[in-house]
Amino acid sequence: MTATILDGKATRDEIFVDLTARVATLREKGITPGLATVLVGDDPGSAAYVRGKHNDCAKVGITSIRRDLPADITQADLEAVIDELNANPDCTGYIVQLPLPKHLDENAALERIDPDKDADGLHPINLGRLVLGKEAALPCTPRGIVHLLRRYDVELDGAHAVVIGRGVTVGRPIGLLLTRRSENSTVTLCHTGTRDLAAEVSRADIVIAAAGVPGLITADMVKPGAAVLDVGVTRTEDGLRGDVADGVAEVAGFLSPNPGGVGPLTRAFLLTNVVERAERVAAES
Ligand SMILES: Nc1nc(=O)c2c([nH]1)NC[C@@H]1CN(c3ccc(C(=O)N[C@@H](CCC(=O)O)C(=O)O)cc3)C=[N+]21
């Protein structure tokens with residue numbers, strides 16, 4: 001069997017067509033959505049991601065605002081920038097690009113973001129709302145994963161999803177989305193303390209690999225026909241490597257590659273969170 005590829009770029013393009021129309025409607029009402037990014041330091045990887053987000057904004061008509069800050073900025077000065085964006089009416093939503101340099105308190109910075117402007121959906125208030133089943137900005141990568149599975153008609157209702165990795169951006173929140181009544185999957189969360197990873201993965205209808213360990217998921221672990229999503233990414237000497245080893249495409253029924261899978265959707269849902277907030281603001285005014 002050769003897996004159907006879950007094409008993140010084509011799916012992203014469909015979302016951009018929809019967002020472009022919605023942004024045009026908002027502009028007719030005099031509302032221009034704006035996404036801001038806060039980038040601390042000059043890590044080339046982070047700078048490239050931030051550049052990608054601004055390019056995406058230009059494609060759909062969202063204004064982009066950049067706050068590029070020096071690597072040695074103090075916590076107080078960083079928080080002053082966050083306070084400014086919270087108050088700035090041109091900024092509909094924003095992100096603080098992670099990771100921050102070690103001397104800064106990441107959680108304190110993230111908690112200072114106005115939860116209504118939290119484009120990542122990672123503010124504790126929004127994660128709490130997700131747990132409680134209340135409406136909230138949803139974390140972008142998990143939202144992208146669910147969208148991609150639905151786009152290719154992968155059955156979620158009753159499916160057993162095995163998640164590998166307990167990070168805050170993917171592993172922890174994805175289970176909260178997949179176990180909603182609307183998705184109705186059963187979720188197992190695996191991590192470095194899992195005794196027998198191969199045994200867990202072999203029972204999965206859906207494998208979500210978000211560990212950041214190159215080649216962790218091998219073909220022999222995967223149930224024939226399963227959907228495998230490669231979400232982890234590691235920078236190595238020979239370029240970017242995902243968590244899914246070569247050969248899985250011959251066993252899986254569906255494969256989301258890396259790059260070209262979930263990454264573009266993470267960015268698409270960042271913009272979606274901004275457009276949705278602008279639409280809420282428009283409805284209230
Ligand atoms: N506050 C915050 N929010 C984030 O969402 C966030 C973050 N910090 N820090 C870093 C990670 C990483 N991340 C990616 C997003 C898109 C691609 C992406 O679009 N990747 C393309 C390839 C892009 C390329 O080739 O440069 C792909 O997978 O096809 C990758 C990685 C968001 N992150």
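Me: Which residues come nearest to the ligand, and how many sit around it?

Reply: This is a predicted model, and it puts 16 residues around the ligand. Ile-95, Leu-98, Pro-259, Gly-263 and Thr-266 come nearest.

Me: What makes a residue count as near here?

Reply: Its C-beta atom, placed from the backbone, has to lie within 6 Å of the molecule.

Me: How do you know where the ligand lies relative to domain 1 and domain 2?

Reply: Look at who contributes. Domain 1 (31–114) and domain 2 (140–264) both give residues to the shell, so the ligand shell lies between them.

Me: Which helices and strands each supply at least two residues of that shell?

Reply: Those would be α2 (44–60), β4 (93–96) and α9 (262–284). The largest share comes from α9, with 4 residues.

Me: What is the make-up of the shell by class?

Reply: There are 8 nonpolar, 6 polar and 2 charged residues. Gly goes in with the polar ones under this scheme.

Me: Why is the protein called as compact as a globular protein of its length?

Reply: First, the parts: the secondary structure comes to 9 helices and 11 strands. The radius of gyration is 19 Å, and the globule rule gives 19 Å for 285 residues, so the protein is as compact as a globular protein of that length. If you want extents, the C-alpha trace spans about 50 × 40 × 35 Å along its principal axes.

Me: How much of the protein counts as buried, and what does a residue need for that?

Reply: The cut-off is 20 or more other C-beta atoms within 10 Å of the residue's own. Of the 285 residues, 41% count as buried.

Me: Why is Lys-29 called exposed or buried, whichever applies?

Reply: Exposed goes with 12 or fewer neighbours. Lys-29 has 11 C-beta neighbours inside 10 Å, so it counts as exposed. Lys-29 lies in the loop between α1 (8–28) and β2 (34–40). From Lys-29 to Ala-71 is 42 residues in sequence and 39 Å in space, C-alpha to C-alpha.

Me: What does UniProt list for residues 6–120 and 139–280?

Reply: The unreviewed entry has "domain: Tetrahydrofolate dehydrogenase/cyclohydrolase catalytic" for residues 6–120. In the model, that span is 50% helix and 16% strand, with its end C-alpha atoms 23 Å apart. For residues 139–280, the unreviewed entry gives "domain: Tetrahydrofolate dehydrogenase/cyclohydrolase NAD(P)-binding". Here the chain is 32% helix and 20% strand, and the end C-alpha atoms are 18 Å apart.

Terms used:
Residues are numbered from 1 along each chain as its sequence is written. This is a predicted model: local features need pLDDT of at least 70, side-chain atom pairs count only at pLDDT 80 or more; totals for chains, interfaces and linings use all residues. Domain bounds come from an automatic or database domain assignment. UniProt positions are given in the numbering used here, feature names are shortened, and annotations may be inferred rather than shown by experiment. The radius of gyration is taken over C-alpha atoms; the globule rule is 2.2 Å times the number of residues to the power 0.38.
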